[in-house]
Protein chains: 2
Amino acid sequence: MSGTRTRRPRADAQRNYERILAAADDAFREQGTGASLEGIARRAGVAIGTLYGHFPNRRALSAALLRERHAALFEFAAEPPNGATAPDALARWMGAVAVHAAAYRGLAALLMEGLDDEASELHEACERMAAITETLLASAREAGGVRDDVTAADVHALMNAAAWMREQVPQEQAEHLLLLLVNGLRPDRADTAPGSMAAN
Amino acid sequence: MSGTRTRRPRADAQRNYERILAAADDAFREQGTGASLEGIARRAGVAIGTLYGHFPNRRALSAALLRERHAALFEFAAEPPNGATAPDALARWMGAVAVHAAAYRGLAALLMEGLDDEASELHEACERMAAITETLLASAREAGGVRDDVTAADVHALMNAAAWMREQVPQEQAEHLLLLLVNGLRPDRADTAPGSMAAN
DNA sequence: TTATTATTCCGAGGCACCCTCACTTTAGTC
DNA sequence: GACTAAAGTGAGGGTGCCTCGGAATAATAA
């Protein structure tokens, strides 16, 4: 296995890969993560076998599609909203994830199961999300802005639930619902510093 | 059209109707509202055409299946949890709906769209649910236990979101999440009478 | 009991989708 | 220009949705 100088990858493969991804993005936006794969192949101007050659199954396709999107999300999380309280930072994060997970109908459910299911192509991304959530939650709790009984898993579920609702109500109401969810994390007696936990 | 004395309905029709309903209940419990209708017909020991003869489409089948269940829910709402505060009554109702809507995977989404979609066979049931929600919400708000900006539509969405989460997390966590949702409805300053808004 | 007939049941068939695989085509290399 | 690994192709087998024309049958009448 030493003389196998690898060939340069074929140009058509690269081209088709990108075409499929673009078609899938369109289809998922319009019809959700359950969109027809044959339809996607058709849109991409490619045979169905070619699609399967690049992506062994629907989840792999979703995962590839989400890779950049996730990168953007993590970058967003890294950039500190300077001057914001810890609870504010958590709320901001929750809003960002909710918007992200509402990009395609059905995505919230995938992210939900991806956290537990290690076989899922989304597992790693979910774990990174969970880690960020954990960190922000710890700070927010320390600041006294969050109930003691709230776990990172709870926040994960709530963010995805917010996304799920966003799939089905007007955007304005979706924002309001997120605010209510965030409000639910606050301790029973609102004796924290003023201005904490404003949504987004 | 006066001499058409109606024949007694055929016994086999009645029998098959019930068999299909029973099979559908099993299938929906196991696989959600998207379960294969051909599979349901098979389970019921009936040809696919017979199933369609009784239920023109999947939604009609769901609606028939939910009729009794909804009746039970409305009865539950009617029975006054005597001695409970208005916010408690609302929380109790939200819990009941969340449990109901989690009976079959996918049901929460159906109930969500059934509220707006007048063509849906579930529309009427959804409207009744909404009316109950409206009443309980008004009382709870009057008692000062709920934020002013919370609408019945919000509560509807939140109840169904609770059901959606319940489909995907252990029951214990689901209860906790419901509690957090309910907590989110409380006004910013917790200056209401003690003991208000305990979940369930 | 038997005949009548409205009602119900049946399942093949057309369409869409999922996914695989034996075969063809093609891009990179020599 | 020939060679060949890589990629592309699409028919085909499986499942599901739903329809529809013809077969079967339960209620009724004779």
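A residue is called buried here when its relative accessible area is under 20%. By that cut-off B:C126 is buried, because its relative accessible area is 0%. A:C126 is buried too, with a relative accessible area of 0%. The model is predicted. Over all chains, the structure holds 0 disulfides.

DNA strand C comes first. Around this strand lie 26 residues, and A:A11, A:Y52, B:R10, B:N16 and B:T50 come nearest. Of the strand C atoms that come within 4 Å of the protein, sugar and phosphate account for 68%. The bases are reached as well. A polar side-chain atom of A:R7 lies 2.9 Å from a base nitrogen of DNA strand C. The side chain of A:E38 places an N or O atom 3.1 Å from a base nitrogen of the strand. From chain B, a polar backbone atom of B:G49 is 3.5 Å from a base oxygen of DNA strand C.

Several helices form the surface near DNA strand C. In chain A, α1 (11-31), α2 (37-44) and α3 (48-54) each supply at least two residues. In chain B, α1 (11-31) and α3 (48-54) each do so. The most comes from α3(B), with 4 residues. By class, this surface has 10 nonpolar, 5 polar and 11 charged residues.

DNA strand D is described next. It has 26 residues around it, of which A:R10, A:N16, A:T50, B:A11 and B:Y52 come nearest. Sugar and phosphate make up 70% of the strand D atoms that come within 4 Å of the protein. One phosphate oxygen of DNA strand D lies 2.8 Å from a backbone N or O atom of B:A11. Base atoms are involved in other pairs. A polar side-chain atom of B:R10 lies 3.0 Å from a base oxygen of DNA strand D. An N or O atom in the side chain of B:E38 is 3.1 Å from a base nitrogen of this strand.

Helices of both chains contribute to the surface near DNA strand D. At least two residues each come from α1 and α3 of chain A, and from α1, α2 (37-44) and α3 of chain B. Here α3(A) gives the most, with 4 residues. The surface near DNA strand D has 10 nonpolar, 5 polar and 11 charged residues.

Helix α2 of chain A also has a buried side. Its buried residues are A:L37, A:G39, A:I40, A:A41 and A:A44. These residues pack against α1, α3 and α4 (58-78) of chain A. The N-terminal end of α2(A) is capped by A:S36, with a side-chain oxygen 3.2 Å from the backbone nitrogen of A:E38. Just after the helix, A:G45 takes a positive phi of about 70 degrees.

The loop between α1 and α2 of chain A holds A:T33. This residue counts as buried because its relative accessibility is 13%, under the 20% cut-off. Beyond its neighbours within four places in sequence, A:T33 is in contact with A:F28, A:R58, A:Y104, A:R105, A:G106, A:L107 and A:L110.

Helix α5 (residues 86-101) of chain A has 16 residues. At 1.5 Å a residue, α5(A) should span 22 Å. Its end C-alpha atoms are 23 Å apart, which agrees with that expectation. Of its 16 residues, 14 are buried, so α5(A) is largely enclosed by the rest of the structure.

Helix α9 (residues 171-183) of chain A contains A:L178. With 2% relative accessibility, A:L178 counts as buried. A:L178 and A:T50 are 128 residues apart in sequence, and their C-alpha atoms are 41 Å apart in space. As noted above, A:T50 is among the residues that come nearest to DNA strand D.

In chain B, helix α9 (residues 171-183) holds B:H176. B:H176 is buried, because its relative accessible area of 18% is under 20%. Its contacts reach chain A. Leaving out residues up to four places away in sequence, B:H176 touches A:D149, A:V150 and A:D154. The side chains of B:H176 and A:D154 are joined by a polar contact of 2.9 Å.

Definitions and conventions:
Residues numbered from 1 in each chain as written. Chains lettered and ligands numbered in written order. Predicted model: local features only at pLDDT ≥ 70, side-chain atom pairs only at ≥ 80, totals over all residues. Heavy atoms only, no water. Near = heavy atom within 4 Å. Polar contact = N/O pair within 3.5 Å; in protein donor to acceptor, adjacent residues only side chain to side chain. Nonpolar A, V, L, I, M, F, W, Y, C, P; charged D, E, K, R; others polar. Disulfide = S-S within 2.5 Å. Buried < 20%, exposed > 50% of the residue type's maximum accessible area, 1.4 Å probe, protein only. Expected span 1.5 Å × (residues − 1). Contact = heavy atoms within 4.5 Å.
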